[in-house]
Amino acid sequence: MWYLVLRRPVKPREEWTVTLDQHLVWMKQQHESGKILFSGPTTDRKYGVYVIRAASKTDAEQIAASDPYTAAGFAAFELLEWEVHQIMGVGPFTAAEMRAHPEVIRAYLGSTGGPSDAPG
């Protein structure tokens, strides 16, 4: 399953003792392990946004909670279970295709969670 994480500060940034580099080391590890696929802040820096691929909501919550900013209590997150239908212009764009959605998306994503040999 896919999960969208919206991380927001709960304490003023002046109070944070976790550095950006500590957060980015953690983020790189998550990307390299394939747990986080996309990440970055909103342009106004009010939210950190990332997409997690995990077997369960519990697994996704554990990943999001391990962000050093969150683990230290400087940030909190909202976790949204996300039913991905389209990716990179591929996917169902009609009601009939939508009913076949799992097969279309699995064919495109392959077993690794990234683009496969599907047309695109």
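Trp16, Tyr69 and Phe74 form one aromatic cluster in this predicted model, where rings of Phe, Tyr and Trp (its six-membered ring) count as a pair if their centres lie within 6.5 Å, and where planes under 30 degrees apart are called stacked, those over 60 edge-to-face and the rest tilted. By this rule the count comes to 3 aromatic pairs. Trp16 and Phe74 make a stacked pair, with 5.9 Å from centre to centre and 25° between the planes. This pair links distant parts of the chain, since Trp16 belongs to the loop between strand 1 and helix 1 while Phe74 belongs to the loop between helix 3 (68-71) and strand 4, 58 residues apart. Both Trp16 and Phe74 are buried, a word that stands for under 20% relative accessible area, with exposed meaning over 50% and partly exposed the range in between (1.4 Å probe, protein chains only).

Trp26 and Tyr50 form an edge-to-face pair, at 6.0 Å centre to centre and with 65° between the planes. Here too the pair links distant parts of the chain, Trp26 lying in helix 1 and Tyr50 in strand 3, 24 residues apart. Trp26 counts as buried because its relative accessibility is 7%, and Tyr50 is buried with a relative accessible area of 2%.

Residues are numbered from 1 along each chain as its sequence is written. Because the model is predicted, local features need pLDDT of at least 70 and side-chain atom pairs count only at pLDDT 80 or more, whereas totals for chains, interfaces and linings use all residues; side-chain values use heavy atoms, with hydrogens and water left out.

The framework is an open sheet of 4 strands in the order 2-3-1-4, with antiparallel pairing; helices (H or I, at least four residues) and strands (E, at least two) are DSSP runs numbered from the N terminus, and two strands pair if DSSP finds at least two bridges between them. Strand 2 (36-41) and strand 4 (75-82) stand at the edges with a single partner strand each, so one side of each is left without a neighbour in the sheet. Neighbouring strands are turned by 15° against each other on average, direction ignored, the axes being lines fitted to C-alpha atoms (for helices over the stretch in contact) and angles running from 0 to 180 degrees between N-to-C directions.

Strand 1 (residues 2-9) pairs with strand 4 in the antiparallel sense over 8 bridges, and 6 bridges join strand 1 to strand 3, again antiparallel. Tyr3 has Ile52 as its bridge partner in strand 3 and Glu81 as its bridge partner in strand 4, while Leu4 stands opposite Leu80 in strand 4. Helix 1 (residues 20-32) packs on the sheet, touching strand 1, strand 2 and strand 3 (48-53), and its direction makes about 155° with that of strand 2. Helix 2 (residues 57-65) lies across strand 1, strand 2, strand 3 and strand 4, running at about 150° to strand 4.

The largest nonpolar core has 12 residues, including Tyr3, Val5, Trp26, Tyr50, Ile52 and Ala64; such a core is a set of buried Ala, Val, Leu, Ile, Met, Phe, Trp, Tyr and Cys residues joined through side-chain atoms within 4.5 Å. Strand 1, helix 1, strand 3 and helix 2 are the elements that give two or more residues to this core, and its largest share, 3 residues, comes from helix 2. Leaving aside neighbours within four places in sequence, Ala64 is in contact (heavy atoms within 4.5 Å) with Val5, Tyr50, Ile52, Thr70 and Phe77. A second, separate core of 5 residues includes Trp16, Val18, Tyr69 and Ala75.
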